[in-house]
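This report is for a reader meeting the structure for the first time. Look over the sequence and the model, then read on.

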Amino acid sequence: PTGDLPHGVWTSGDEKHVYVGLENQDAVSAIDTSTNKVIATVAVGQQPQALVYVPDAVPSGPGTDNLLPLGEAGQVSHLRLAALEPTSAASATVSVNALGPLDLLQIAATGLVPGGSYTLWLVTSRTPPFRSKEPLVTFKANLAGAQIAQTIGPLRRVLTAAPDQGGTEQRFLLVTEVGHDAAVLVQSEAPPP
């Protein structure tokens, strides 16, 4: 296991390490090839989908010349959605990335009914009855019962600002099957790894 939505696997020049971009974790993991264990995870910014390792690209010095802090691009939120039904294999991770005044929300869901249609909602309660449901995106699970869907809006602030933090009402994410009110996935309290 490497993290959320791995992309861009690349080996080091000496083949002692493998590097993996984690799209929904906004990071890169380094794996020791002799033990197959993650030895480091580094925040790199928004949704890496590819990477390239170049041996001896920095022949001297720390290799940080011309690098800048992530700034607004480093403002991310990572959430986990879990099934309410204990026997369900459904789960999802959500990454919310700043795009200036708007945010990009990306959900990566698995364990769904193959071919089923689902809606991701913004709600004001983590438990039924789910109040103030606002639809964010509707998507269809692929033949493996998985899907990645995206939406854009002022979501990071809405999802993280509780009343004691200047928000009007804390909001949560909920996934239902289209045409049904029962929750398939609900935002959990535990953050993703």
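How many nonpolar, polar and charged residues does the lining of the largest pocket have? The lining has 6 nonpolar, no polar and no charged residues. Here Ala, Val, Leu, Ile, Met, Phe, Trp, Tyr, Cys and Pro count as nonpolar, Asp, Glu, Lys and Arg as charged, and the others, Gly among them, as polar. The residues that line the largest pocket are Tyr19, Val28, Leu51, Val52, Tyr53 and Val54. Its volume is about 160 Å³. A pocket is an open set of points on a 1 Å grid over the protein atoms alone, where a 1.4 Å probe fits, with protein on both sides within 12 Å along at least five of seven lines; lining residues have an atom within 4 Å of a point. The volume is the space filled by probe spheres set on the points, which are joined across faces, edges and corners.

The model is predicted: local features need pLDDT of at least 70, side-chain atom pairs count only at pLDDT 80 or more, and totals for chains, interfaces and linings use all residues. Residues are numbered from 1 along each chain as its sequence is written, and side-chain values use heavy atoms, with hydrogens and water left out.

**The chain**

The chain has 1 helix and 12 strands. These are DSSP runs, numbered from the N terminus: helices are H or I with at least four residues, strands are E with at least two. From the N terminus, the order is β-β-β-β-β-β-β-β-β-β-α-β-β. Of the 193 residues, 39% are buried. Buried means under 20% relative accessible area, with a 1.4 Å probe and protein chains only. Contacts (heavy atoms within 4.5 Å) often span the sequence: among those between residues at least 6 apart, 52% join residues at least 24 apart.

**Strands and their partners**

Two strands pair if DSSP finds at least two bridges between them. The table lists four pairs.

| Strands | Sense | Bridges | Partner residues |
|---|---|---|---|
| β8 and β9 | antiparallel | 6 bridges | Thr119 and Thr138 |
| β8 and β11 | antiparallel | 6 bridges | Leu120 and Val175 |
| β11 and β12 | antiparallel | 3 bridges | Leu174 and Val186 |
| β5 and β12 | antiparallel | 2 bridges | Leu81 and Gln187 |

β8 covers residues 117-123, and 6 of its 7 residues are buried. β8 pairs with β9 (residues 134-140) and with β11 (residues 172-177). β12 (residues 183-187) is also mostly covered, with 4 of its 5 residues buried. β12 is joined to β5 (residues 76-82) and to β11. β11 and β12 form a hairpin with 5 residues between them. In that turn, Gly179 has a positive phi of about 90°.

**Two residues up close**

Is Thr93 buried or exposed? Thr93 counts as buried because its relative accessibility is 7%. Thr93 lies in β6 (residues 91-98). Beyond its neighbours within four places in sequence, Thr93 is in contact with Asp4, Asn24, Leu79, Arg80, Gln106, Ile107 and Ala108.

Ile39 lies in β4 (residues 37-43). Its C-alpha atom is separated by 7.5 Å from that of Ser29, 10 residues apart along the chain. Leaving aside neighbours within four places in sequence, Ile39 is in contact with His17, Ala30, Ile31 and Asp32.

How values were computed: Buried means under 20% relative accessible area, exposed over 50%, partly exposed in between (1.4 Å probe, protein chains only).
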